[in-house]
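User: Please take a close look at the charged side-chain pairs in this structure, and then set them beside its nonpolar interior. I would like one connected account rather than a list.

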Amino acid sequence: MTSFDSSPTLAVWRALLALAVVFIMLATTGWTAVRHHGGPRDLFAAELAGWRKARIGGLPLPGATEPPARLAGFFASLGVAQRHRLADRFPLVVGNLNGAPAGLRYRANRISLARALRLERDRTATARLNADGRHQAIRRMHRLAALMRPERQILAFDPAGHGRVAEVLGDLDRAQRISVIVPGVDTHLLTFQRTSRKYSAPAGMAESLYAAERAAAPRTRTAVIAWADYTAPAGVGMDSATGRLAEGGAVRLAALAEALPGTAEVALFCHSYGSVVCGVAARRLPARVTDIAVAGSPGMRAASVTELGARARVWAMRDGDDWIEVVPHLEVGGLGHGEDPVAPEFGARVMSAAGAIGHSGYFEPGTESVVNFAEIGVGAYDGVSCATDGDSCRRDIYGEAAA
């Protein structure tokens with residue numbers, strides 16, 4: 001007979017709690033997996049059709065889904081004027097093409113942003129919008145205009161649906177270390193940056209991490225990517241409780257990592273549902289991704305680091321007052337994301353999150369959490385503060401156990 005305190009009974013109670021949470025999600029938010037759809041993609045479809053028909057020197061252009069190395073070789077074979085003509089004619093294609101030079105993507109995305117801004121202005125002037133629709137349109141115009149500022153380097157931009165975007169801080173081509181921030185739920189064009197609670201949005205997260213990395217290693221050339229280039233769940237609903245959107249995000253994240261220029265080592269910093277994306281992507285990431293660090297994670301869709309199949313070191317942190325702690329860390333019939341990454345049995349290197357307040361405070365400047373991220377980002381592992389006394393999270397960092 002099994003006692004109440006034994007693990008089988010506890011597992012049953014945890015499963016019942018998880019199902020109760022799911023029931024509440026269904027009752028309050030509905031099946032977001034079927035309620036939320038992407039917007040029209042007519043412009044992109046038209047560009048892609050034109051790309052397939054276009055010729056350079058009588059030869060067809062490579063397919064947009066060709067491997068990044070093949071696309072990089074193609075662009076390297078072109079002159080500057082030829083590259084610019086392609087970016088000007090097919091900005092949505094070139095601006096989101098893994099393998100295209102970063103500078104060319106910045107140029108193409110500036111063109112796409114300007115076009116999206118014009119279309120939004122025209123729509124706002126002619127369409128019959130209610131008060132909320134007009135407010136959202138104005139917000140969208142402000143966001144598009146902000147992304148077009150001369151100093152901004154937009155690596156990816158898709159205006160369809162709620163919009164996707166990725167931005168680079170630093171010189172991506174010359175970087176010795178590259179950091180990629182993978183954010184969580186409710187990430188889209190309008191939430192990419194915020195005025196209030198600045199460092200809870202991807203653009204602010206990247207700004208804070210970039211500054212912390214430069215402070216940690218002033219002589220190291222670093223680049224940080226705020227990567228909101230996947231379809232994230234909208235709110236706490238069925239999409240956030242399953243791995244459906246994480247699967248799509250993982251494919252895009254692995255493609256990004258494969259296409260990054262140069263030979264710099266790469267670290268991923270994955271917040272909230274972003275850690276689900278990173279967990280699903282872990283086994284398909286290239287070897288240059290040396291570190292995966294998660295914060296405020298609901299799970300990585302694995303029972304342990306070993307089950308992730310990652311070649312990278314896996315780090316985890318959680319602030320003491322982060323509400324994500326009460327979310328059941330298990331998987332039942334596809335719902336839930338598995339073991340808690342900060343649990344000892346998961347096997348991650350658990351860092352301190354001192355100073356981070358709540359679920360969205362991990363990138364606040366001056367916190368131990370963002371300092372730890374920066375130390376990982378620049379490869380200064382000796383400077384990482386562990387969650388417990390001692391050096392348990394740094395042990396064997398340069399030895400076989402970390403390989």
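Analyst: What follows begins with the salt bridges, moves to the nonpolar cores and ends with the confidence of the model.

This is a predicted model, and a search of the whole structure finds 17 salt bridges in it. One of them pairs R115 with E47, whose closest N and O atoms are 2.7 Å apart. Because R115 belongs to helix α7 (residues 102–126) while E47 belongs to helix α3 (residues 42–53), this pair ties together parts that are 68 residues apart in sequence. The two partners can also be described by their accessibility: R115 is partly exposed, with a relative accessible area of 22%, whereas E47, at 6%, is buried.

A second pair is formed by D158 and R164, with 3.3 Å between the closest N and O atoms. Here D158 is buried at a relative accessible area of 8%, and R164 is buried as well, at 17%, where the cut-off for buried is under 20%. Through salt bridges that share partners, D158 and R164 are joined with D229 and R252 into one network. A further salt bridge links the side chains of R318 and E325, at 3.9 Å from N to O, and in that pair E325 is partly exposed, with a relative accessible area of 43%.

Turning to the nonpolar interior, the largest core has 49 residues, and those with the most contacts inside it are L172, V180, I225, L253, L268 and I292. Helix α11 (residues 244–259) supplies the largest share of this core, namely seven residues. Taking L253 as an example, and leaving aside residues up to four places away in sequence, its contacts are with V180, V182, W227, L268, V277, C278 and A281. Apart from this core lies another, of 41 residues, which includes L117, V165, F363 and I376. As a general background, nonpolar side chains tend to be buried together in soluble globular proteins.

The confidence values belong beside this picture. The protein chain averages a pLDDT of 88, and 88% of the residues score at least 70. Over residues 1–40, however, the pLDDT is below 50, although the model gives this stretch 43 contacts beyond near neighbours in sequence. Residues 399–403 also stay under 50 in pLDDT, and for them the model has seven contacts beyond four places in sequence.

How values were computed:
Residues are numbered from 1 along each chain as its sequence is written. This is a predicted model: local features need pLDDT of at least 70, side-chain atom pairs count only at pLDDT 80 or more; totals for chains, interfaces and linings use all residues. Side-chain values use heavy atoms; hydrogens and water are left out. A salt bridge is a side-chain nitrogen of Lys or Arg within 4 Å of a carboxyl oxygen of Asp or Glu. Helices (H or I, at least four residues) and strands (E, at least two) are DSSP runs, numbered from the N terminus. Buried means under 20% relative accessible area, exposed over 50%, partly exposed in between (1.4 Å probe, protein chains only). A nonpolar core is a set of buried Ala, Val, Leu, Ile, Met, Phe, Trp, Tyr and Cys residues joined through side-chain atoms within 4.5 Å. Contact means heavy atoms within 4.5 Å. pLDDT is the predictor's confidence in each residue, from 0 to 100.
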